[in-house]
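Thanks for making time this morning. I have one model to walk through, and I will keep it quick.

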Number of protein chains: 2
Amino acid sequence: MRNKPTLKDVAKLARVSEMTASRVLRGIGEASEHTKERVLNAAKTVGYVPNRIAGALSSRSVNLVGVVVPSISSFVFSEVLTGISAGLKPSGLQPIFGITDYDLETEETVIREMLSWRPSGLILVGLEHSEVSLRMLQNAAIPVAEIMDTDGDPIDINVGISHHDAGYQMAKTIVARGYRKIGYIGTQAKQDFRAEKRLAGFTKGLAEAGLSVLASERFSGGSSVLTGRELTARLLEREPEMDCIYYSSDMTSAGGLMHCLANGIKVPDQLALAGFSGLDLLEGLPLKVATSNASRFEMGKLAAGLVTSAKKGTLSAEDRIVKLEAKIDIGDTL
Amino acid sequence: MRNKPTLKDVAKLARVSEMTASRVLRGIGEASEHTKERVLNAAKTVGYVPNRIAGALSSRSVNLVGVVVPSISSFVFSEVLTGISAGLKPSGLQPIFGITDYDLETEETVIREMLSWRPSGLILVGLEHSEVSLRMLQNAAIPVAEIMDTDGDPIDINVGISHHDAGYQMAKTIVARGYRKIGYIGTQAKQDFRAEKRLAGFTKGLAEAGLSVLASERFSGGSSVLTGRELTARLLEREPEMDCIYYSSDMTSAGGLMHCLANGIKVPDQLALAGFSGLDLLEGLPLKVATSNASRFEMGKLAAGLVTSAKKGTLSAEDRIVKLEAKIDIGDTL
DNA sequence: GTATGTCTCGTTATCGGTAACAAGTGGGAT
DNA sequence: ATCCCACTTGTTACCGATAACGAGACATAC
């Protein structure tokens, strides 16, 4: 038999109906020990691998949950994905991942692609989506979770933190510790909504103390240690008086620290540093860089749990929306 | 209409047959402008999202490629995945990811799960698989690529480097530069086949110079900067005379550097460091840690290209097996 | 006018499973 | 012997698309 064996082959070999074979292999309903054994043996000898495609079509249910993230080459999202995997495990649902590259049009395509597989749920990052995406999501009769961000109107389930607030709190903290000449290093606007929200909150926090961002550097592409290091150098060149820099990510703030280490700049005496995320990476550095911890694993896990337990529209608003708090970790650099 | 609209709904609204609607929506075959427009409009007004499940079952072809990796919370694999995405793009195939946690039994489950979706190809990491996995893979009439490692017998397509050789070359390099008291820090054996192969090659390289690994520290779980830092401290405590440490990964070697920076140990005068992977992360550090660059993005992209262009058994052995070279980057720490 | 070819579009028969319901089978109670 | 019930197992009808083939309409060529 050159073609993949089907249920029919198994059934024929076990001399039962396809239905019985199907039941035995899925472990549902009753079956005598005798037939059970025969079916199992038959499946093994023909090397049967079930065809999910057919099964899904027939039963109108797919054990997949679509997960759409901006990027996977970032610790932030890999931790979220790990959390999602963990949260999905008890339900037997499988995550399938899609990547948007921080682009709403790409996201639209990915969402359509995902929905075409008729998944049991969808998990997206952020609250910003194209019109068309929103329409598709509303029409899809499945639970949809938006994670990481709570500054906006969720479609259905929402688990995350307020990035505006995270930025605001960090500004307050920095101001309270006496810094006055404050710079910012982050991604180019529009690319990363959440980073922009943090910056907005940060700016507001400074403004309440009569301050503003002295100077800033922006970059495009993924955040990396090297980028952080280079832009820190550039920023300090422009504004040597700078006494504190707020970064849009922990990778870049680590880069800032590296610049200081390599150039003998005393942290935090000469320059204070603060980032965002709470990445494990920071733990290993000579100084722990200040950050806001956005429990990413938790978020993923929680969202996955909610998606699996919810039929769309089933949960009350309180259960559906989970606002976590980004706790500031002062570290050694403020 | 509460249920998701199907092709039938579109066809009915456009007053054509389902077949015609199908053809128009897939853009194949001929259709008059008039009907094309009607179908497209109908699809838009009912909010049609094609059902891949049904389409795949009917056409017996699925535009998915399964990708099975040990972990996603590691830069190494996220770069590979990025490469795979890039390599798959031109063919219109979609990657779907599965995670094994470095466990062969889990891998077996994941492979079975993947195959049950009847993907057009499969990409796995490494050459070590369970008996059952091997059987399933051989029976699957699809191209299978094993990537990252070439030390062993591939099933079909194989793209990677020789880790044994990478370790061996690094040992030669280290010996040539005059280091004699050499330590090793890596994952616990069995967890990571490729790290063990590097260690074996490394040990062999040392042996040829009459040397051996003076002392080593092992860890379980993912490699992190912190782990590298802590184990470096421990190793140096045990063997203060150590003049060089070889790490199984760049994350841990970076941790080693952090330990040295934090404790005023001069690199490479007092202690030399070398890692493996060639992660971008290293670029931002005050000193660039020596490493073997295993072009991961390339590997992923190449493998994806081969998988898409190959019907199983179609390629000659030379085309099927691509051995890349892990070039040593001396950096500033040897 | 008939034949031939080109475009378009429709009909039929699956693809490989599963839900829902139907139907044997044998044992125990009456 | 009859009836009922619990267990098992089988039958039928799809799920939503697509491949393969067929057929009508119209134009061109002879």
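I will go from the overall fold to the pairing of the chains, then to the DNA, and end with some local geometry.

Keep in mind throughout that this is a predicted model.

Chain A first. Chain A contains 13 helices and 12 strands. How far does the C-alpha trace of chain A span along its principal axes? About 85 × 40 × 30 Å. The radius of gyration agrees with an extended outline in one respect: chain A has 25 Å, where a compact globule of 334 residues would come out near 20 Å. Of those 334 residues, 52% are buried. Now the contacts. Take the ones in chain A with a separation of 6 or more: 71% of them join residues 24 or more positions apart.

On to the core. The largest nonpolar core holds 201 residues. Which residues have the most contacts inside it? They are A:V69, A:I123 and A:A303, along with B:V69, B:I123 and B:A303. Let me open up one of them. Setting aside neighbours within four places in sequence, A:V69 touches A:F77, A:V80, A:L81, A:F97, A:I99 and A:V125.

Next, the pairing. Chain A lays onto chain B with an RMSD of 0.0 Å. The operation is a turn of 180° with a shift of 0.0 Å along the axis. The two copies are therefore related as by a two-fold rotation axis.

What does each chain bring to the contact? Chain A gives 45 residues, and chain B gives 45 residues. On the chain A side, the elements giving two or more residues are helix 4, helix 5 (75-88), strand 2 (94-99), helix 6 (104-115), helix 7 (131-139), helix 10 (225-238) and helix 11 (250-263). By class, that side has 23 nonpolar, 13 polar and 9 charged residues. Do the copies use matching or unlike surfaces? Of the interface residues of chain A, 100% are also interface residues in chain B, so the copies meet through the same surface.

Now the DNA, strand C first. There are 25 residues around DNA strand C, and the nearest are A:L7, A:S22, A:A54, A:S58 and B:E30. The elements that give two or more residues here are helix 1 (7-14), helix 2 (18-26) and helix 4 (52-59) of chain A, plus helix 2 (18-26) and helix 4 (52-59) of chain B. Which element gives the largest share? Helix 4 of chain A, with 5 residues. By class, this surface has 9 nonpolar, 11 polar and 5 charged residues.

Then strand D. DNA strand D is surrounded by 26 residues, with A:E30, B:T6, B:L7, B:S22 and B:S58 the closest. Two or more residues come from each of helix 2 and helix 4 of chain A, and from each of helix 1 (7-14), helix 2 and helix 4 of chain B. Helix 4 of chain B gives the largest share here, 5 residues. The classes are 9 nonpolar, 12 polar and 5 charged.

Last topic: local geometry. Start with the cis peptides. The bond from A:V267 to A:P268 is cis, with omega near 5°. A:P268 sits in the loop between helix 11 and strand 9 (272-274) of chain A. In chain B, B:V267 and B:P268 are also joined by a cis peptide bond, with omega about 5°. B:P268 lies in the loop between helix 11 (250-263) and strand 9 (272-274) of chain B.

Next, positive phi outside glycine. A:Y102 has phi of about 60°. A:Y102 is in the loop between strand 2 and helix 6 of chain A. Is A:Y102 buried or exposed? Buried, because A:Y102 has 20 C-beta neighbours inside 10 Å. B:R60 also has a positive phi, near 55°. The loop between helix 4 and strand 1 (64-69) of chain B holds B:R60. B:R60 counts as exposed, because 10 other C-beta atoms lie within 10 Å.

One more loop residue. A:L315 is between helix 12 (296-309) and helix 13 (317-320) of chain A. With 16 C-beta neighbours inside 10 Å, A:L315 is partly exposed. Leaving out neighbours within four places in sequence, A:L315 contacts A:A310 and A:R320. A:P143 is 172 residues away from A:L315 along the chain, yet their C-alpha atoms are 9.8 Å apart.

Note on methods
Residues numbered from 1 in each chain as written. Chains lettered and ligands numbered in written order. Predicted model: local features only at pLDDT ≥ 70, side-chain atom pairs only at ≥ 80, totals over all residues. Near = placed C-beta within 6 Å. Helix = DSSP H or I, 4+ residues; strand = E, 2+ residues; numbered from the N terminus. Nonpolar A, V, L, I, M, F, W, Y, C, P; charged D, E, K, R; others polar. Core = buried A, V, L, I, M, F, W, Y, C linked by C-beta atoms within 7 Å. Buried ≥ 20, exposed ≤ 12 C-beta atoms within 10 Å, placed from the backbone. Contact = placed C-beta atoms within 7 Å. Rg over C-alpha atoms; globule rule 2.2 N^0.38 Å. Least-squares fit on C-alpha atoms with pLDDT ≥ 70 in both.
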